[in-house]
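Student: I am new to this structure. Please take one helix and walk me through it closely, with enough of the surroundings to place it.

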Amino acid sequence: MQLAGGNETLASRTARALAGLSLAADPGDYLGAEDELLGRFGVSRPTLRQAAKMVERDRLISIRRGTKGGYFAERPDARDAIQSLARFLRMRGANLGDVIQVTRPVSEEAAVAAARLRTDEDAERMREFVGRIDGHDTARELIVAEVELARMIARMSGNPVVELVMEIGYSFGLDERDSDLYADPDRRARTRAMQRSLCSAIIDGDEDIARLMMRRRSEQFDVWLGVGAAPGNAA
């Protein structure tokens, strides 16, 4: 929100103030109508709207029109951040092997943390996911399920950095390979079995088995993606 040379425009200063107002509130909180914010910041309508576009782009506010409209506090999440990071990685020539190398240990620690920190609500949500596993029979359905499971485990870990890194690993990686990863029905069956074993370990709170199952998944994916040697125990 700065111009070259470090000089801020009025719109930039207003955007900074509007972002601060949002960060001081909870997501979804009402920040005020446009006319209220004009008075609060002492700026013209065009300046406020220019500033609002900057802050809205950063997902720190949402603007709703109509009689019950106004400015509301928002927060970006890992999926918002990943779009910019994915573009950066591709521009720098990163490949799937580079991504897997970084995300593998993080995924294992996330599985351990999820098993340790799971709540009753988390366990119920994961049981619901397990109940749908056999229905993920097409390649695209399985990719969607893999990303859903990764996000669930990352959130359960309680670490936002883990959420971001795992989002890179699954969203960037699987999108790069598209659906050919699961074109083979045997692979899809194997993946569903691994999903079930990993979820069972996390639901049971077994940290050692959760780590082992996440490691086996990573090793198996390495083989399928052609970025690693065959696991010693792929059965």
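Tutor: Read along the sequence, the pattern is α-β-α-α-β-β-α-α-α-α-α-α-α. That makes 10 helices and 3 strands. Keep in mind that this is a predicted model. The protein has 235 residues, and 42% of them count as buried. It exposes about 12,500 Å², of which carbon and sulfur atoms supply 49%. Now look at the contacts between residues with a separation of 6 or more: residues 24 or more positions apart account for 68% of them.

The part to look at closely is helix α3. This helix covers residues 45-57, which is 13 residues. At 1.5 Å a residue, α3 should span 18 Å. The C-alpha atoms at its ends are 18 Å apart, so expectation and model agree.

Next, which residues of α3 are buried? They are Thr-47, Leu-48, Ala-51, Ala-52, Met-54 and Val-55. Around the axis they cover an arc of only 160°, and therefore they sit on the same side of α3. The general rule helps here. An α-helix has 3.6 residues a turn, so residues three or four places apart point the same way.

Now turn the helix around. The face away from the buried side carries exposed residues: Pro-46, Lys-53 and Arg-57.

What does the buried side pack against? Two helices and two strands are named: α1 (10-23), α2 (34-41), β2 (61-64) and β3 (70-73).

Follow the chain out of α3. Arg-59 comes after the helix, and its phi is positive. The value is near 60°, in a residue other than glycine. Arg-59 lies in the loop between α3 and β2. Is Arg-59 buried or partly exposed? Its relative accessibility is 31%, so Arg-59 counts as partly exposed.

This loop has a partner further along. Pro-76 is in contact with Asp-58, Arg-59 and Leu-60, leaving aside its neighbours within four places in sequence. Pro-76 itself belongs to another loop, the one between β3 and α4 (78-91). With a relative accessible area of 43%, Pro-76 is partly exposed too. Its C-alpha atom is 9.9 Å from that of Pro-27, and the two residues are 49 apart along the chain.

Stay with the strands for one more detail. Find Arg-64 and Phe-72. The charged end of Arg-64 sits over the ring of Phe-72, 3.7 Å from the ring centre.

For a second example, set α6 beside α3. Helix α6 covers residues 120-132, again 13 residues with an expected span of 18 Å. Its end C-alpha atoms are 19 Å apart, which agrees. The buried residues of α6 are Asp-122, Ala-123, Met-126 and Phe-129. Seen down the axis, they fall within an arc of 115°, so they line one face of the helix. Asp-120, Glu-121 and Gly-131 are exposed on the face turned away from that buried side. The cover over the buried residues of α6 includes α5, α7 (139-157) and α9 (185-204).

One of those covering helices, α5, is worth a stop. It runs over residues 96-117 and holds Glu-108. Is Glu-108 buried or exposed? Its relative accessibility is 8%, so Glu-108 counts as buried. Beyond its neighbours within four places in sequence, Glu-108 is in contact with Arg-211, Met-214 and Arg-215.

Those contacts lead to the last stop, helix α10 (residues 207-225). Look there for Phe-221 and Trp-224. They are 3 residues apart, so about one helical turn separates them. Phe-221 is buried, with a relative accessible area of 12%. Trp-224 is buried as well, at 13%. How many aromatic pairs are there, counting ring centres within 6.5 Å? The count comes to 2. Phe-221 and Trp-224 form a tilted pair, 5.7 Å centre to centre with 50° between the planes.

Back to α3 to close. Its buried residues share one side. Pro-46, Lys-53 and Arg-57 are exposed on the face turned away from it. Arg-59, with its positive phi, follows the helix.

Conventions
Residues are numbered from 1 along each chain as its sequence is written. This is a predicted model: local features need pLDDT of at least 70, side-chain atom pairs count only at pLDDT 80 or more; totals for chains, interfaces and linings use all residues. Side-chain values use heavy atoms; hydrogens and water are left out. Rings of Phe, Tyr and Trp (its six-membered ring) pair if their centres lie within 6.5 Å; planes under 30 degrees apart count as stacked, over 60 as edge-to-face and the rest as tilted. Helices (H or I, at least four residues) and strands (E, at least two) are DSSP runs, numbered from the N terminus. Buried means under 20% relative accessible area, exposed over 50%, partly exposed in between (1.4 Å probe, protein chains only). A charge sits over a ring if NZ of Lys or CZ of Arg is within 6 Å of the ring centre and within 35 degrees of the ring normal. The expected span of a helix is 1.5 Å times one less than its number of residues. The arc is that of the directions from the helix axis to the C-beta atoms. Contact means heavy atoms within 4.5 Å. Accessible areas come from the Shrake-Rupley method with a 1.4 Å probe; for residues, only the protein chains shown count as cover.
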